[in-house]
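User: I'd like to learn how to read strands and salt bridges in a model. Can you walk me through a case?
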There are 2 protein chains.
Amino acid sequence: MEQNSSSSAVARLAAVQNHLAIQPCFQRYAIHNDKPTGPADLARERANASFKVEDMTEVLLRGKENAEAVAVAFQMVQRDPDLRMRDGHHYDLTRAEDREQTMRQIARTVELKKTIKDPRLRQALFMAMAFYSESYSMRMYVHDMLFKQALLLFGTAEQQDKWMDDIENWRVIGCFAMTELGHSSNLRGLETTSTYDRATNEFVIHSPTLTATKWWIGMSGETATHTVAICQTIVDGENHGINWFIVPLRDPKTGRLLPGVTCGDIGHKSSRQGLDNGWIQFTQVRIPRENMLMKWASMSPEGEFTPSPNPVLSYATLIPERFTILTGSQVVLAQSLTIAIRYGAVRRQGNHDEQILDYQTHYTSLMPGVSFIYMLNIVDRELFDKWDQVAEYAQTDAGAFMREIPDQHGVSAGFKGTLAWYVTEVLESCRRACGGHAYSAYNSIAGLIGDYGVVTTGGGDNVVLMQQSARYLITTLKWAQEGQEVVGSVSYFNEYKKILSHNKTTLQDPRDLLNHEFVIDVLTWACAKKATELAEKLTEAGKANFDQAWNANQVELVRLADVHAWRYFLILYQRGIDREKNKSVYPMLRKMGQLMSTFAIRKHLDLFLEESYFDGSHAKLVRQLFLDQCKDLRKDAVPLVDAWTIPDFVLKAPIGKYDGNIYPAYFATVNAAQKSYDPPAYWHKYAAPLVNAPRPGEKKGCQC
Amino acid sequence: MEQNSSSSAVARLAAVQNHLAIQPCFQRYAIHNDKPTGPADLARERANASFKVEDMTEVLLRGKENAEAVAVAFQMVQRDPDLRMRDGHHYDLTRAEDREQTMRQIARTVELKKTIKDPRLRQALFMAMAFYSESYSMRMYVHDMLFKQALLLFGTAEQQDKWMDDIENWRVIGCFAMTELGHSSNLRGLETTSTYDRATNEFVIHSPTLTATKWWIGMSGETATHTVAICQTIVDGENHGINWFIVPLRDPKTGRLLPGVTCGDIGHKSSRQGLDNGWIQFTQVRIPRENMLMKWASMSPEGEFTPSPNPVLSYATLIPERFTILTGSQVVLAQSLTIAIRYGAVRRQGNHDEQILDYQTHYTSLMPGVSFIYMLNIVDRELFDKWDQVAEYAQTDAGAFMREIPDQHGVSAGFKGTLAWYVTEVLESCRRACGGHAYSAYNSIAGLIGDYGVVTTGGGDNVVLMQQSARYLITTLKWAQEGQEVVGSVSYFNEYKKILSHNKTTLQDPRDLLNHEFVIDVLTWACAKKATELAEKLTEAGKANFDQAWNANQVELVRLADVHAWRYFLILYQRGIDREKNKSVYPMLRKMGQLMSTFAIRKHLDLFLEESYFDGSHAKLVRQLFLDQCKDLRKDAVPLVDAWTIPDFVLKAPIGKYDGNIYPAYFATVNAAQKSYDPPAYWHKYAAPLVNAPRPGEKKGCQC
Ligand SMILES: Cc1cc2nc3c(=O)[nH]c(=O)nc-3n(C[C@H](O)[C@H](O)[C@H](O)COP(=O)(O)OP(=O)(O)OC[C@H]3O[C@@H](n4cnc5c(N)ncnc54)[C@H](O)[C@@H]3O)c2cc1C
Ligand SMILES: Cc1cc2nc3c(=O)[nH]c(=O)nc-3n(C[C@H](O)[C@H](O)[C@H](O)COP(=O)(O)OP(=O)(O)OC[C@H]3O[C@@H](n4cnc5c(N)ncnc54)[C@H](O)[C@@H]3O)c2cc1C
């Protein structure tokens, strides 16, 4: 800028002024309190819906009757003073209040379960409560899924007979003690022991070290009367590996800890304060032999230890636990997206006071998330339909069970990692989409993110699980290369040679990418390519250097697991919506699948480019298609979140209110939290002395 | 799997078992409480340092004297009962306690400032406190940076004379009221008015609507006695645009709100509870004419309004505010990374109980972050050296000031967006790196993330700022295309034709990428390419369709701003470390710059591939280099975080303890938070009735 005359500087400054978008404003009061634009905005969005919201709700909730039951269940929650918040905002509760409220809700639902005759409504009530409170749902989950499932999968018929009724009626409150302070992902490192005492026919449960302390155990902090604990089983000085034991923790009459049991509270957490995570130390706690869960491994009354036919069977419970990530993620994501989308349609910002949802950066960051929760919902069903069948085999056909477990394991590990990571991303997008107002606890998004924060590691650390998935892929590819037929999610390996022979895409027209089979072929190629390449590297390294070679390729192995998971996720989604083919909302379901297909390819675009499967023009076509699809779907953004029918009192976020009149509601919420307008006590202690200090030269006398 | 014999099933299951890594374990108690491995691990990492930690600290803190002052300042904080936490853990404080503590700390530092004679130590004390408490540092920031800076940049000499001493001694506690409930990014939409009353020579400050409520205003909730407020200035019925006014809020004697002023507390937030963010409504509040800040626009005693020579000048304060992102981010990131890196070196997990930091996935996710904080530190200085000079021009040479502002604006907007986004990513990596233990509030990472959560939108929403940067780029490119010379961060546009004529990289050897100029050339090509392509699209669309075309290319415009920002960030870093060329730590500083160069290219690899600037082999070479660089730097991971010299009591995270003996410390912290082992009050209300309910057939009498 050599010609730096002041006038040219002014001209340039004028251009900058334009960037800053600061120009004199002539009394443009865009959003009057008394003339809110939000309600009209949302009404218009709703009027323009390209599908019938109720029909979509029926797909999400699996039928009209369920949808009705859920509506009634939400009414129950809203009205029952033991279920609902009594006053204030959820995020103003202290930890102790939150704990008490959560237990109150549990006690009430246990009561209600007995009076509600319709199983549909019982189920709906649980679902409504899960949306209403993450801490409630986690307490239920720990008891019902972790503790009870352990008994179902590892307990004998007699053991189930003995315990099940107490568990179902919460006469026993159970927790699940696997993780220890020092170890979790690597179960082999667990330290807690269960030593068989032949003399008394008992097991002695013991935490030999500080790091052996069971840690994080949900409900052990304040409430659980029992736990299932995983322990190294020592018989006659020999370690028989890991088994499960039921250990009583508290006296049901008094709530006090039993002798030898020390449980403490984990204290303050990132979120989920209503759940009493705790730690447990066992000091020579004696339990009867019968408290070992003995479906697979067992100890006879005579003291004969029979190992499990295969240790893996004892971990089957981790598979459905991982699948439940799809269920739990819907709860958190559907709420966050409902808030972010509605706010996006109501909030106006920019040169022409646009609805912020109309900005390309905005809708491209949210619409894939919206589609994704639908996918989670549909694929959830596919997975559990299959799993229920497999779990049935566990009782009826051990051979079939063992045949199915490998793929179930591979899928669950990869899905847990891939999907939970993407959920985290979407949550962050929701947060950003709400600007500063997301920082208020009263708009709930921050809290939901806090709740979810554990999921990338809890229930199996994602990086660890992605490697389990990768290892499954490398192993099955090897089988296929050796000529064995492989089944399930990896069946494409049977044709890996043919797949790899097409080393350049046939993509010519963006419409090709709307075709499900076409997209799957593209992703299949990517999986086969990555898998063979990595398998080769590992083979080259040789057995002795396997671990080292694995580590040197870890990042790409994780990527392989990711591509594979997205591919199979898309397949299951298509399979799921095929069941809805003659529903009016099918085209919309399909559209969301198409967007997410493009999303998955776009996510790994560099891989396709790097291997020259795509050239630059293909990449540009994929990018443009993605933008177009997001823009198209944006039109239905509001109806798509409405279909989840989450009531305002559940959302607890005024900026996500159904009617769009967000500012008075937000203001009222903040106001209600402020108990008084008087100066705080500390004003007089710490502020007044500062602001009333004499100025230099002033007399001391003139202070207050 | 047609040959589904049970034996083949068992074989496959055995393979899966291998994936699950669950095998019988023979009494391997890897990490004994009484034989902790952590201290030895950290000692070994430290012994292997390839540079002298103290030398590095001196670079970070700008010299030995500063480093010593900081050490003393930390001692002051640790010992002074008004500065330090009195008991319990920070994340167990209630909101009210946190507020009180923060104000207590402020009152104490104001006192101390008067007694400390060494300016170095005064500065160091502020820095130490900023590390110790984010809420403290934000209260200070609001008063010292936002409120005081407004007076400095917009106030006349007389106004500065009148107020400055009160401000510096906290006889006035100031806040900064720009944002409103309804608007922020688009300042033109602000609604608060300042109407000139000719009769009394006063301004009447008024919030005409609910959405005009000033919102989020730090310290307005409970403590500020004054605010600077930005208002639409109405004179004789005409709107003269936005100006700044000093408005008293509270009676200094009583702390009570002044008539016409309504301030309330924003209540619970994602974090930073110690800062009293609030809202303000003005109802016909009268202030003397002299309270308008009149350096640029002014109102004469006779009621003559003189507009600012250029409205942009009034927003100069936003530029240093955005640069401070580099300072604030270091505080949060250096703590998070210190915790994550030390934990990574101490935590052992996996088949061979590896230090988790040795996993490729682990060190590749953390080492770029470690390098990044060094870059922030170095570039911070470069930016403020320049800005101080520019700010000086504001007082001395208006022409020079106006010449410099455009590039300062462009750089600050792009840096704020690009860098704050990446900080968010690194923080998430730190969280994941600590597994489940990151979920405990007592390990602080969750809280630091909560604190930082506001930064992607606060101080200017990132998406909005990235567009301001992009607009600056598109505009300056146009100037260059028209033959004008452009300067500063965009000077490469002067040669855009020559740059674009090399449309294929000359990269052949990974070592090329270790050369600073080579990398900058690569990134320069990318910027020029993206910018010309986007400029062309916008030009094609024509003026009438500009906004629409802008929106249709928004995602790529943001990307352009990102590539440009990384490029310039790398340039400034190299410029900064060139000043340290003869220091012993220079090679290490250079190494980190090299890693981040590769990082930046890898981040936009698809761009290079898409445009065939790179082919697949180049991409692979970049990826491999990145892995190798991370692995190499991993060796110095612990010393590199140690150099930040953050004491344990500041980190407040037992898993990040300096001595590596983390488990007993973590256990002790959790234990201290548990006040009693008795059952909680709610046990008797809600749990006891459940667990003591009679079984079917049991008599009622047997309950407690
Ligand atoms: C803890 C905290 C402290 C604060 N302290 C203060 C303070 O002391 N004083 C003060 O004045 N303010 C303060 N603020 C306010 C802060 O500066 C604003 O939150 C910030 O400017 C963002 O504005 P917004 O929240 O109105 O977001 P909006 O601008 O409404 O943005 C909402 C969403 O719309 C998107 N968007 C908006 N415009 C566009 C566009 N043109 N193109 C694409 N997308 C767009 C954004 O990306 C974002 O996702 C504080 C905020 C917080 C949370
Ligand atoms: C709120 C909450 C509730 C919980 N509830 C329960 C409960 O009720 N019962 C229960 O038993 N447990 C519970 N947990 C524990 C949870 O299951 C564990 O946190 C989880 O299994 C992860 O283990 P970890 O924390 O030990 O992480 P680690 O395995 O120690 O991982 C730490 C880091 O090392 C990395 N890492 C580890 N191994 C490898 C590898 N091989 N390769 C590469 N990187 C690796 C991880 O990616 C991670 O970044 C809970 C946890 C939380 C936070």
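Analyst: Sure, and keep in mind that this is a predicted model. Let's start in chain B, where strand β3 (residues 202-206) and β9(B) pair in the antiparallel sense over four bridges. Within that pairing, Ile205(B) sits opposite Val285(B) of β9(B).

User: Which side chains along strand β9 of chain B are buried, and which are not?

Analyst: The general idea: in a regular strand, side chains alternate between the two faces of the sheet. Here, β9(B) covers residues 285-288. Val285(B) and Ile287(B) point to one face and are buried, whereas Arg286(B) and Pro288(B) point to the other and are not.

User: Now salt bridges. How many does the structure hold over all chains?

Analyst: Side chains of opposite charge can pair when their charged atoms come close. The structure holds 101 salt bridges over all chains. One of them joins the side chains of Arg99(A) and Asp265(A), at 2.7 Å from N to O. Arg99(A) lies in helix α5 and Asp265(A) in strand β7 of chain A, so this pair ties together parts that are 166 residues apart in sequence. Both Arg99(A) and Asp265(A) are buried.

User: What about Glu382(A) and Arg579(A), buried or exposed?

Analyst: Glu382(A) is buried, because its relative accessible area is 9% and the cut-off for buried is under 20%. Arg579(A) counts as partly exposed, at 45% relative accessibility. Their side chains meet in a salt bridge at 3.0 Å, N to O.

User: Which residues form a network of salt bridges?

Analyst: Lys530(A), Glu533(A), Glu556(A), Arg559(A), Asp606(A), Glu610(A) and Arg623(B) are linked that way.

Methods. Residues numbered from 1 in each chain as written. Chains lettered and ligands numbered in written order. Predicted model: local features only at pLDDT ≥ 70, side-chain atom pairs only at ≥ 80, totals over all residues. Heavy atoms only, no water. Buried < 20%, exposed > 50% of the residue type's maximum accessible area, 1.4 Å probe, protein only. Helix = DSSP H or I, 4+ residues; strand = E, 2+ residues; numbered from the N terminus. Pairing = 2+ DSSP bridges. Salt bridge = Lys/Arg side-chain N within 4 Å of Asp/Glu carboxyl O.
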